[in-house]
Every structure is written in C-alpha cells, then in structure tokens.
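User: I'm new to this structure and would like a close look at a single part of it. Could you pick one strand and walk me through its surroundings?

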Amino acid sequence: MKPTIVSSLLALACAGVATAHGGDLLNQGCRPIAKRSLDLQRRQLTQSGGEGQTVTAGGGASAARYSCDPNTCKLPKCHCADTNPPGGLDPKDVPQFIVFTADDAVQDYTINSVNQFLAQRKNPNGCTPVMSYYVSLNYTNYAQVTELYVNGNDVADHTMTHQEQPATNAEIDGNLITLNALAGIPYKSIIGYRAPFLNYSRANLEHLANTGFTYDSSSTASVPVTDPNTDAFWPYTLDNGMANDCSSVADICGGQPKLPGFWEIPMYAIFDQRGAAGAHLMDPWLDSSNASDVLSWMKNTFTDHYNGKRQPFGVYTHPIHLAKGYPGLTDPVDQINMLNEFLDWATTSADMQNVWIISNKQLMAWMQNPVPASQLNTLDAFKCQKPNAGHICNGFQENNDLLEHCISNTAGDALNNSPFYTCYGCPVTTPSPQQPNPPQKNNDKSVRTRIPANCDTAFWDPINARCTCNGSGCAFDDSTRPIGPNGSNLTSSGSSNTGSSSGSSPSASSDPYRTFGSGAGRTTSSSVFGWAASVVAAAVGGAMMVFI
Ligand SMILES: [Zn+2]
C-alpha cells in the first residue's frame with residue numbers, strides 16, 4: 001500500500017494512542033480507523049476523478065445513480081435519501097440530534113466508560129439520554145445488557161464473534177437469539193445492526209431486511225454537509241437502494257438493493273481543517289495525540305450541522321478507549337475531558353437550542369414521525385417512563401442476588417474467568433453461531449424460563465415464568481417534563497448538573513429507574529447503567545479483549 005497523507009496521519013495518531021493505551025489496544029483500535037479512513041480517501045479521489053462531479057445540490061444522489069420520488073415514497077414506511085430534514089420541516093424547527101453509540105463487549109469497563117458521558121446529563125425534557133449499544137458476544141455480561149435495555153437504551157446486533165469479513169447470516173441471527181435468551185430482550189425490540197469493522201455486504205442488508213430488522217447503521221457519510229455534493233443524508237429507506245458507500249461496497253447503489261421499509265442510518269463523519277480530505281469517523285479522539293485538536297474538529301463539524309440542515313451528528317465510540325482503570329493502561333484523561341467538554345458545549349450553549357443526545361432507535365422513531373422540536377415530547381420514544389416492576393430478576397439492581405455467574409471450568413473456554421452473568425440460566429456451553437441458545441446448566445436446580453414474545457423485559461419473571469404486566473395498561477412513572485416556549489428552556493443540562501432547570505423533574509439521584517449501584521462506590525454515584533458493578537468487577541479479572 002502506498003503511503004498517503006491519510007495513512008501517515010493515522011500512523012502518527014496511532015503512535016499517540018500507543019502512548020495512551022498500550023500495545024494491544026493500539027493494534028485493535030487503529031486498524032479499523034485506518035481501514036475506514038482509506039476508504040473515505042478513496043471515495044474522495046474517485047469523486048475528484050469525475051464520478052462525483054455531476055452531483056448537484058440536494059445530495060450526492062446522482063453519484064450513487066440514486067433516484068427516488070418523494071411523491072410516492074412517503075413516511076412512515078418510505079423515505080428518500082435527502083439532505084433536507086424529513087416532513088418538510090424548516091431546519092430551524094428541527095432538533096439537532098447527537099447520536100451516541102457504543103460498540104462491542106458490554107461489561108464494567110465499558111459501562112462505566114459510557115456513564116462518564118451520559119449518566120449525569122439531562123435532555124431538554126429532563127430525561128437522561130439513552131444510546132445505541134451494538135453488542136457482540138465475547139466478554140459480554142448479559143445481565144448488564146438486560147440493564148441497558150430496561151433503562152431504555154437501544155440494544156442492537158453486532159454479530160456474535162466479530163469477524164472482520166462481512167457477517168454470515170448465522171452470526172447475525174445467532175447474536176439475536178443469544179440476546180433474547182440470555183439478556184431477556186424481546187426479539188421485536190432488537191431492531192438495529194452495525195457490522196463489525198463496518199464491513200458489510202449487500203447480502204447483509206438483504207438478510208437484515210428479510211429477518212425484520214428496522215435499520216442498519218454501518219455506512220458512512222464522508223462529505224461535509226457544507227459541500228454541495230454532500231452524502232450526509234438523513235436516514236432513508238432502501239426502497240430505492242443505497243446512496244452511501246457507493247465506491248467502497250460491492251453491488252450496492254444504482255438503485256440496489258431494493259429493500260422497502262428497511263432503513264439505513266449513515267454514520268456522519270467529523271472533519272478536520274482539511275475538510276473532505278480529513279474525515280474521521282469512529283473514536284476520532286484516537287486520531288490525534290492532541291485532544292484540543294479533536295475538540296475543534298468536533299465543534300466545527302457540529303456547528304456546520306446545526307447551522308445547516310441539522311443532519312444528526314454522530315459520537316461513535318468504542319467505550320474501552322475511554323475507560324478508566326483498565327489494568328496496565330494509563331487513563332485517557334485528556335480524551336475523556338475533551339468529550340465531556342464537547343457535549344457540555346453542544347448541549348448547554350445559549351446560542352444553540354433543541355440539542356438532544358439520543359439513540360438510533362429514537363432517531364428511527366422521529367424519522368417515521370418527524371414532529372418539530374417543540375413537540376418532541378409527544379413521541380413515546382423520547383419520554384422517560386419507569387416501569388413499576390418489582391423484585392423479579394428483570395434488570396433492576398435489587399435483583400442482583402438472583403443472577404447466576406456463568407463460569408466454565410475449561411481453560412481456554414470463553415466462559416473461563418468470564419464476566420458473564422445472567423438472570424435467564426447459564427448455558428452449558430458458550431453460545432456460538434452454530435448453537436446460540438445452548439441448554440441451561442441448571443446450577444441452582446431451578447431452570448429459568450426465557451422471555452416469551454408477549455411480555456417485555458421489565459415485567460418478565462423468569463423464575464415463576466409469568467408476565468406481571470401485559471398490554472399498555474401497566475403502570476409507568478413518567479418523569480418527562482415539558483419542553484417548548486411554555487415549559488422550561490430548550491437546552492440540556494451539562495455533565496456536572498445532575499438536576500434540571502425544572503422543579504418537576506427528579507434529580508438523577510432520586511430517580512430509582514436511573515439509579516443503580518449507588519452504594520457500590522463506583523465512578524458515578526447516580527448511574528444510568530451501573531448496577532452490580534462491584535460484584536462483576538471482581539470477576540472480570542483479565543478476561544477482557546477489545547474489538548472494534
Ligand atoms: Zn465492533
């Protein structure tokens with residue numbers, strides 16, 4: 001491979017990461033960034049070579065040989081790739097979404113890492129932000145995945161074993177089955193997919209659509225929103241094929257693949273001072289040893305989105321790269337502080353209102369019903385509703401004693417020295433694409449009953465095999481507060497503000513739905529996600545690998 005400006009920059013960036021994170025993470029962490037950035041660069045070169053030059057204002061649609069008739073492709077089932085906001089909304093009435101995502105294993109290090117950025121914040125409606133977590137099997141604690149889901153986060157599919165090549169169907173389906181069986185999440189609630197290494201194929205998209213997923217978010221929007229040829233489309237359905245990644249993924253675009261009603265959520269790149277030639281996607285804080293440089297890239301790109309057509313802004317993380325206390329590694333303090341400074345700036349500035357930190361699942365809900373920012377509270381997906389559920393092993397902190405710790409006695413087995421806890425019965429073997437739902441071990445002589453399709457996680461009692469609440473009549477405590485001109489202000493609270501500007505909203509520490517593990521002395525006293533942290537931390541030990 002010929003050295004290029006981008007690859008040279010990446011080499012420098014990775015050297016900085018090596019200092020911050022140690023050798024193993026260097027190899028794991030830099031590789032996909034290099035891969036994607038080279039893809040991005042290739043796309044730029046392709047465009048300057050002519051393919052993109054005919055693209056007109058309004059999108060990169062012609063570069064993708066994309067066409068879509070908005071008169072026939074209508075919400076909620078169909079939406080054309082478009083740089084303009086959906087529903088004919090004026091950009092000034094559109095919320096500026098910050099989509100926060102995390103990938104790979106779910107366990108203490110990664111949950112605590114995410115909590116550093118979200119647990120203390122409130123969106124303009126007083127609700128703690130939720131996020132999308134693309135979960136893969138290895139080194140994941142399924143009890144913590146249950147917690148993520150019960151807390152309203154978007155738990156999504158990232159394959160079982162995180163292979164680099166585009167996933168097999170068994171990798172995608174198997175992960176879904178394991179998340180259902182061992183994290184107790186209803187199939188219908190797992191709606192999203194992101195490819196490991198962002199390496200997806202047309203066949204993957206077709207399989208996801210055929211098996212009832214709502215969206216994929218593996219593609220890249222790699223041209224700045226200020227460029228008339230931008231490919232920063234709002235999410236769109238594939239009724240008329242893909243309009244992103246046309247030069248880097250085989251057999252897509254030109255109207256293919258046609259997958260009616262299946263959504264693509266592009267990942268929106270962040271740009272440095274070089275503009276289109278300096279695109280950064282996941283973990284941009286790994287791309288420079290100087291955190292203040294990354295902060296300026298993020299602020300400038302965010303400002304372009306906010307002042308333009310308000311396409312979502314992405315914060316795409318591998319939480320392990322921002323984790324504290326990982327054995328043998330220096331805490332990435334500068335990067336952690338930088339990201340919190342960025343989020344504070346973006347969500348609390350008086351100059352910018354209606355900035356929300358959301359999950360891709362929330363983005364999907366809004367795309368299908370794009371109300372003005374002043375009416376965002378009318379969408380259930382944006383409310384903070386707490387299920388009134390009791391002590392039934394359903395993801396709440398008081399159920400820690402009902403968890404089983406799934407440990408294999410076999411050295412080398414992935415369950416050996418594993419952080420794997422579940423409320424749904426430990427499997428006799430490690431789940432695999434061939435056997436994603438192995439029989440239960442029955443450690444405590446009481447087989448747990450897996451969740452059925454007609455109940456939701458917070459209400460499912462896997463011990464007594466009963467649903468404590470069916471239908472919509474069950475009690476929820478709603479702590480959502482008003483937004484809009486007659487409500488409180490339209491900005492969010494920052495990382496140091498655990499309360500809200502409205503007296504009607506509970507503080508984070510008084511909200512039992514959001515307060516797990518407060519007695520464990522962990523990094524946050526009021527945590528969105530952190531429940532049995534102390535229990536699990538003791539078990540994690542060295543059983544931790546990092547995937548991208
Ligand atoms: Zn990954």
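Analyst: Here's a walk around strand 12 and some of what lies beyond it. Keep in mind that this is a predicted model.

Let's start with the strand itself. Strand 12 covers residues 313-317, and five of its five residues are buried, so the rest of the structure largely encloses it. Both of its faces are covered. On one side you'll find Phe 313, Val 315 and Thr 317, and on the other Gly 314 and Tyr 316.

Who's its partner? Strand 12 pairs with strand 1 (residues 96-104) in the parallel sense, over five bridges. To spot the pairing, look for Phe 100, which stands opposite Val 315.

Now step back along the chain to Val 94, in the loop between helix 2 (23-48) and strand 1. Val 94 counts as buried because 23 other C-beta atoms lie within 10 Å, where the cut-off is 20 or more. Setting aside neighbours within four places in sequence, Val 94 is in contact with Pro 85, Leu 89, Arg 310 and Ala 373. Val 94 and Lys 309 are 215 residues apart along the chain, yet their C-alpha atoms are separated by 8.4 Å.

For the wider setting, the largest nonpolar core has 121 residues, and Ile 98, Tyr 133, Val 145 and Val 155 touch the most other members. Helix 7 (residues 291-307) supplies the largest share of this core, seven residues. As for Val 145, its contacts beyond four places in sequence are Val 106, Val 135, Thr 140, Val 155, Leu 179 and Ala 183.

Methods
Residues are numbered from 1 along each chain as its sequence is written. This is a predicted model: local features need pLDDT of at least 70, side-chain atom pairs count only at pLDDT 80 or more; totals for chains, interfaces and linings use all residues. A nonpolar core is a set of buried Ala, Val, Leu, Ile, Met, Phe, Trp, Tyr and Cys residues joined through C-beta atoms within 7 Å. A residue is buried if 20 or more other C-beta atoms lie within 10 Å of its own, exposed if 12 or fewer, and partly exposed in between; C-beta atoms are placed from the backbone. Helices (H or I, at least four residues) and strands (E, at least two) are DSSP runs, numbered from the N terminus. Two residues are in contact if their C-beta atoms, placed from the backbone, lie within 7 Å. Two strands pair if DSSP finds at least two bridges between them.
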